[in-house]
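Me: I'd like to go through this model with you and ask what stands behind the labels we give it. Could you show it first?

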Amino acid sequence: MNYFLKTLNNLKNLRGTVDLLPEQLIKWQNVEKILLEQLSRGCIKEIRTPILEMTELFIRGIGEGTDVVSKEMYTFLDRGERSCTLRPEGTASVARALIQNGMSANSPKKLWYMGPMFRYERPQAGRQRQFHQLGVEFIGYESVRSDVEIIAFAWDILGKLGIKELNLEINSLGDLSDRLNFQKSFLNWLEINKDSLDLDSQNRINKNPLRILDSKNIQTKKVLERAPKLFNFLSEKSIERYSELKSQLKSMKIPFIENFNLVRGLDYYTHTAFEITSGALGSQATVCGGGRYDNLIKQMGGNDIPAIGFAIGLERLILLAGKELDVGRRTDIYIVNQGLLAEPFAIDLSRKLRNYDLLVELDLSGASFSKQLKKANKLNSKCVVLVGDQEATNKEFIIRLFDKKNSGNNEEVIPFGSDTKLERWINNNLLIN
Ligand code: HAM
């Protein structure tokens, strides 16, 4: 075996990435269709930003001390010696795109994006290194009402997909000065209690102390019960905002749990932070995460523009969505054809039939009629079209509603040029329900 073939045999996808095969993609496409419908109903507009960005964008946007930036980014030098990163999330890119394209403070925008993101994490069920997110960002919105709309939007999208038993967790991270006040007192407390924390949390003290609150370590969680609470450092204004959020969520009948340890893993959040989790997902339980980021755009060099958003992990969404979404649309017409004249005629016919918004599969095998009929049967096609040389010579075709016994149910011979006859047959046999 030559060298090239040998290496080809060993070629595999990278760890933490997956191939999505046609069978699996039926569910993905069904889910995406529902998502797109819902986004369009919300009058939210799509934005597409590059998958590859300057590394600096994420360092400045997400924060140097976060896990995402310090441990998980796919960063490399391109051939021009520029440091590039495969986007680990979409919010920083959207902020950059808006600044660069002259977004002004007085034209608020509701935006969405969907696509692959990259994080070098330990792969497990619901966690990949290349994964997909649907992100929604409301840029230029400051009111509590926008927080409520975006949370309700995320909640309803999951509802539209029939996903039940979800928990919405909310918290307020206050504004920058609330956080600084808390951080001072929390750092003092951490200094004293350092030795009782797990190693991971100890390492975070200098890098990203707030994140320690999010620790899953049982011992650390217990020790943290005695730590100062961020909530107690919120200004009156921040508390008022948070209370208003809770009261509006209640009046919308959106159930929520308050989680004062919910700090999220990215530095840009202010005030509202939220996550939607499902017990059905195991350890990677968060299907949706988001929050307000009022300082990000300014901090990245733009105007002082408040914003709030969320992202849903599509792999986790697919795990949660019901089995009914595994089913694709049935083939309407399977074209069985064989013969020197029949085969080019059948191609022409397939093009004509596809004008009726029907799923038309043309058999290209050249196999016997009976083999092709078996294939149509296996596909569960609603009807078959039969073309032999005889039909091609007469410029006509046989169309037959397909029943499993192939017993000639509702069969008709239709001349190629007779659109009225064809339309009548289609209307009577295929378009009824
Ligand atoms: P995030 O919490 O880092 O937030 O990610 C959002 C969602 O993406 C998670 O809840 C999860 O469902 C999914 N996700 C994250 N990492 C992985 C992974 N390795 N494998 C599979 N799914 C994953 C953000 O990314 C923010 N940009 C959200 C946001 C938008 N905040 C404001 N606007």
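Reply: Happy to; this is a predicted model, and the talk below turns to the ligand and then to one helix.

Me: What makes the approach of Gln-128 to the ligand a polar contact?

Reply: A polar backbone atom of Gln-128 is 2.8 Å from a nitrogen atom of the ligand. The cut-off for N or O pairs is 3.5 Å, so this pair counts as a polar contact.

Me: And why does Phe-310 count too?

Reply: Its backbone N or O atom lies 3.4 Å from a ligand nitrogen, which is within 3.5 Å, so the pair qualifies. As for cover, the protein hides 95% of the 650 Å² of accessible area that the ligand has on its own.

Me: Which strand gives the most to the shell around the ligand?

Reply: That is E10, with six residues. Strand E10 spans 286-292, and strands E6 (130-139) and E11 (307-313) also supply at least two residues each. By character, the shell residues divide into nine nonpolar, ten polar and seven charged.

Me: Now helix H16: why are Leu-422 and Trp-425 called buried?

Reply: Buried means under 20% relative accessible area, so these residues fall below that cut-off, as do Ile-426 and Asn-429.

Me: How do you know that the buried residues line one face of H16?

Reply: Looking down the helix axis, they fall within an arc of 95 degrees, so they line one face. Their cover includes helix H13 (342-354) and strands E14 (383-387), E15 (396-401) and E16 (411-415).

Terms used: Residues are numbered from 1 along each chain as its sequence is written. This is a predicted model: local features need pLDDT of at least 70, side-chain atom pairs count only at pLDDT 80 or more; totals for chains, interfaces and linings use all residues. Side-chain values use heavy atoms; hydrogens and water are left out. A polar contact is a pair of N or O atoms within 3.5 Å; within protein, one must be able to donate a hydrogen and the other to accept it, and residues adjacent in sequence count only if both atoms are side-chain atoms. Accessible areas come from the Shrake-Rupley method with a 1.4 Å probe; for residues, only the protein chains shown count as cover. Helices (H or I, at least four residues) and strands (E, at least two) are DSSP runs, numbered from the N terminus. Ala, Val, Leu, Ile, Met, Phe, Trp, Tyr, Cys and Pro count as nonpolar, Asp, Glu, Lys and Arg as charged, and the others, Gly among them, as polar. Buried means under 20% relative accessible area, exposed over 50%, partly exposed in between (1.4 Å probe, protein chains only). The arc is that of the directions from the helix axis to the C-beta atoms. Contact means heavy atoms within 4.5 Å.
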